[in-house]
Amino acid sequence: MKKKSITIYDIAREAKVSSATVSRVLAGNYPVKEETRKRVASIIDKYGFQPNAVARSLTKRETRMIGFVLPDITNPFFSQVFIEVEKYALTKGYALLLCNSMNDSEMESKHLKLLAERQVEGIIIMGGRINKSAPDRVEVNELSEIMNSLPVLMINGKIEGLDCYSIRTDEAKGIELIINYLVSIGHEKIALLGGIEGITTTDIKVEAYKSLISRHHLPFVPGWQIYSGFDISSGEQAMDKLLRNNKQDLPTAVIGINDMVVIGALRECGRRKIDLNEFSFVGFDNTNLAEISNPQLTTVSHQYSEIGRKAVDLLLNSKNEKHKNKDVEINPKLEIRDSCYEMIGN
């Protein structure tokens with residue numbers, strides 16, 4: 001018989017056992033006489049038989065698939081989290097199904113329903129509804145219903161009232177690391193650009209920024225905190241507004257809500273032929289953009305590999321009653337590079 005045509009029925013016939021016995025040997029978690037098990041195993045080895053993954057999932061009620069829903073795979077923050085989750089999941093024998101909602105709530109809902117129908121063993125979700133400070137009740141109920149049948153884990157997001165698994169970077173701590181560092185090198189006039197009000201990751205950072213400015217007895221100028229968005233063009237727009245509206249009183253340091261916003265701010269300065277040494281620039285996320293930008297960005301790292309490991313472990317341990325810690329917070333780290341300068345005389 002050719003290897004490609006081998007089935008459990010062929011193995012059962014040659015071993016003179018039932019196909020159910022072959023299935024038990026393959027599963028490895030059912031009692032089979034040792035003599036019978038060895039005979040079946042030798043025939044399996046003889047033909048190098050690999051059971052069909054779909055059939056195995058039906059038998060064991062396992063798909064070994066994890067769904068991953070995110071808003072924009074082109075955003076380097078989301079893609080780096082996904083890569084780390086996928087790398088670790090593969091070492092555990094699990095594959096990921098990536099669903100890109102493209103920042104569309106209806107698309108996000110379709111993906112969530114599809115993953116539930118595909119009977120994945122858990123869903124990881126980033127962005128979208130889990131980052132709204134006031135999420136739509138229909139979206140909350142939809143996610144709650146899915147949680148009745150399978151575990152859901154949120155990364156850098158949380159919906160009050162939903163008892164799901166959660167991993168998040170302490171983003172307020174990240175802002176604290178940035179401002180403490182800027183103050184230590186003499187900066188007293190610090191701006192924060194980007195983000196959208198009502199998105200929790202933005203709200204956390206803005207609140208922390210205002211709190212740290214007050215704690216250090218620094219001036220808070222409303223025109224130095226500018227909402228604009230999360231992409232590079234948003235950074236260009238925010239920097240343009242900062243420069244136009246604060247000609248007589250500009251900050252000396254600029255924090256971006258993420259790395260892309262800071263890249264946009266740098267581009268706007270370049271377009272205006274402004275010496276980049278007039279400002280210190282700090283990003284947030286430590287994406288690959290931070291290292292390839294000119295200058296290389298000082299930025300906050302989310303500890304991506306740790307997020308990936310803990311996300312997978314939380315989901316895989318979700319059926320373990322002893323596993324009680326459903327909410328994990330990860331400390332960020334400040335990566336100091338070339339985009340900041342020390343204020344002379346301070």
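What follows is a short walk through a predicted model, from its domains to one of its sheets, a helix packed on that sheet, and its cysteines.

Starting with the broad layout, the domain assignment splits the chain into domain 1 (8-51), domain 2 (65-169 + 304-330) and domain 3 (171-302). Domain 2 is thus listed as two stretches of the chain. Taken over C-alpha atoms, the centres of domain 1 and domain 3 lie 63 Å apart.

Next comes the sheet. Here 4 strands line up in the order β7-β6-β8-β9, forming an open sheet with parallel pairing. The edges belong to β7 (225-226) and β9 (280-282); each has a single partner strand, so one side of each is left without a neighbour in the sheet. Strand β6 (residues 190-193) is joined to β7 by 2 bridges, again in the parallel sense. Looking at single residues, L193 has I226 of β7 as its bridge partner.

Helix α9 (residues 200-215) packs on this sheet, where it touches β6 and β7, and its direction makes about 175 degrees with that of β6. Another helix, α10 (residues 232-245), lies across β6, β7, β8 (253-256) and β9, and runs at about 140 degrees to β6.

How far apart are the end C-alpha atoms of α9? The gap is 22 Å, which agrees with the 22 Å that its 16 residues should span at 1.5 Å a residue. As for which parts of α9 are tucked away, the buried residues are T200, T201, T202, K205, V206, A208, Y209, L212 and I213. An α-helix has 3.6 residues a turn, so residues three or four places apart point the same way. In α9, the buried residues pack against α8 (171-184), β6 and β7. Just after the helix, H217 takes a positive phi of about 60 degrees.

That leaves the cysteines. How many disulfides does a search of the whole structure find? The count is 0. C99 is in no disulfide, and the nearest cysteine sulfur, that of C164, is 18 Å away, whereas a disulfide would need the two sulfur atoms within 2.5 Å. C99 counts as buried, because its relative accessibility is 6% and the cut-off for buried is under 20%. C269 is in no disulfide either; for this residue the nearest cysteine sulfur is that of C340, 13 Å away. With a relative accessible area of 0%, C269 is buried too.

Methods. Residues are numbered from 1 along each chain as its sequence is written. This is a predicted model: local features need pLDDT of at least 70, side-chain atom pairs count only at pLDDT 80 or more; totals for chains, interfaces and linings use all residues. Side-chain values use heavy atoms; hydrogens and water are left out. Two strands pair if DSSP finds at least two bridges between them. Contact means heavy atoms within 4.5 Å. Axes are lines fitted to C-alpha atoms, for helices over the stretch in contact, and angles run from 0 to 180 degrees between N-to-C directions. Buried means under 20% relative accessible area, exposed over 50%, partly exposed in between (1.4 Å probe, protein chains only). Domain bounds come from an automatic or database domain assignment. The expected span of a helix is 1.5 Å times one less than its number of residues.
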